[in-house]
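User: Could you take a close look at one part of this protein with me and then work outwards from there? I would love a connected walk-through that I can follow at the bench.

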Amino acid sequence: STSGIAGGRDRGKTQGDAAQVRMMNDYIQAIQNYLKDHGFEQLAPEAVLFDMDGVLFDSMRLHNESWQATAAAYNLEMLPDEPYTLEGCTSTLMINTLMKRTHQRQATPEELETIYTEKRRRFNVLPRPKRMPGAAEMLEKVGRDGLQRVVVTGSGQRSLLDRLQTAFPNVFRADLIVSSKDYTQGKPAPDPYLCGLKRTSLQPNQALVVENAPLGVEAAVKAGIFTIAVNTGPLPDEALRERGADLLFPSMQALATHWEEIRAAIATCAPTK
Ligand code: MG
């Protein structure tokens with residue numbers, strides 16, 4: 001069976017208990033694999049690093065729509081799922097990908113500016129993205145456990161970054177929001193997540209990452225952090241698993257529901273003194 005996949009619910013009690021045990025074993029196995037792969041003695045999280053789009057905000061359909069419309073307006077060839085498959089990368093990388101495909105060259109600085117401005121404009125006239133179901137509950141549980149809550153996003157969209165504070169009041173310290181202006185190399189490079197660790201003065205085994213995008217999972221895994229994927233979009237689970245996700249849930253709600261068991265599994269894996 002695949003490790004770390006959240007199982008079904010609402011079975012008979014005995015069956016439910018068996019599923020519960022299996023799930024705990026999957027979590028423990030995933031943690032042990034992580035420790036072995038990265039050469040750490042223990043996983044001792046003091047912070048959770050959250051990606052923003054597709055994790056905290058249900059915004060990816062809106063990003064997809066505004067990217068597709070922008071590409072069409074500039075006669076740039078964009079693949080149907082490209083905003084999802086390249087999610088998390090900087091706008092520069094996204095635009096250059098389209099330029100290379102369409103015109104076999106990089107975008108000029110002026111084109112980068114014009115095209116991204118147009119994408120932002122189209123995004124900002126769409127309905128405001130809602131909070132991802134389960135995100136507030138997850139943030140609350142993490143805060144209650146005394147862990148720091150950090151945002152690490154590839155986005156530079158001021159409109160959404162500002163909304164973090166209104167959508168999730170009193171959750172994020174301003175200096176614990178890492179966005180595209182804080183690093184040069186975007187996801188899938190580890191830099192954004194390393195920046196998040198630096199802000200909290202933590203080592204990779206002292207944090208967890210929650211990500212929904214293949215490039216984001218790759219970035220977090222490269223940074224050496226235990227990575228929980230939530231598949232909130234249209235891509236197959238395999239797209240996240242093949243980048244090295246340690247655990248995989250179908251939604252933020254499912255992750256929030258199983259948070260206590262994940263914490264218990266982490267405690268089980270702690271070395272005995
Ligand atoms: Mg995302």
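User: Which residues in helix H8 (residues 191-200) are buried?

Analyst: Happy to help! This is a predicted model, in which local features need pLDDT of at least 70 and side-chain atom pairs count only at pLDDT 80 or more, while totals for chains, interfaces and linings use all residues. Residues are numbered from 1 along each chain as its sequence is written, and side-chain values use heavy atoms, with hydrogens and water left out.

In H8, the buried residues are Pro-192, Tyr-193, Cys-195, Gly-196, Leu-197 and Thr-200. Buried here means under 20% relative accessible area, against over 50% for exposed and partly exposed in between, with a 1.4 Å probe and protein chains only. Helices (H or I, at least four residues) and strands (E, at least two) are DSSP runs numbered from the N terminus. The cover over these buried residues includes E1, strand E4 (148-152), strand E5 (177-178), E6 and H9. After H8 comes Ser-201, with a positive phi near 55 degrees.

Some of those covering elements lead us to the metal site. The magnesium ion has Asp-51 (OD), Asp-53 (O), Glu-87 (OE) and Asn-212 (OD1) as its protein donors, at 2.0 to 2.1 Å. Donors are N, O and S atoms within 2.8 Å of the metal (3.2 Å for Na, K and Ca), and because water is not among the atoms, sites may look incomplete. Along the sequence, the donor residues follow the spacing D-x1-D-x33-E-x124-N. Asp-53 sits in the loop between strand E1 (47-50) and strand E2 (57-58), and Asn-212 in the loop between strand E6 (207-211) and helix H9 (214-222), so this pair links parts 159 residues apart in sequence. Both Asp-53 and Asn-212 are buried.

Another buried residue to look at is Pro-83, which lies in helix H3 (residues 82-85). Pro-83 counts as buried because its relative accessibility is 2%. Apart from neighbours within four places in sequence, Pro-83 is in contact (heavy atoms within 4.5 Å) with Met-60, Asn-64, Trp-67, Gln-68, Met-78 and Met-94.

Now for the helix packing. Two packed helices are described by the angle between their axes and the distance between the axes. The axes are lines fitted to C-alpha atoms, for helices over the stretch in contact, and angles run from 0 to 180 degrees between N-to-C directions. Helix H2 (residues 60-73) and helix H5 (residues 109-124) have axes that come within 9 Å and cross at roughly 135 degrees. H2 is therefore oblique to H5; angles under 35 degrees count as roughly parallel, over 145 as roughly antiparallel, 65 to 115 as roughly perpendicular and the rest as oblique. On the H2 side, the contact residues include Trp-67 and Thr-70, and on the H5 side they include Ile-115 and Tyr-116.

H5 also meets helix H4 (residues 91-103), with axes that come within 10 Å and cross at roughly 105 degrees. H4 and H5 are therefore roughly perpendicular. Here Ser-91, Thr-92, Ile-95, Asn-96 and Met-99 of H4 touch Glu-111, Leu-112, Ile-115 and Tyr-116 of H5.

Finally, helix H6 (residues 135-144) packs with helix H11 (residues 252-268) at about 25 degrees, their axes 8 Å apart. That angle is why H6 is roughly parallel to H11. Among the residues meeting there are Met-138 and Val-142 in H6, and Leu-255 and Trp-259 in H11.
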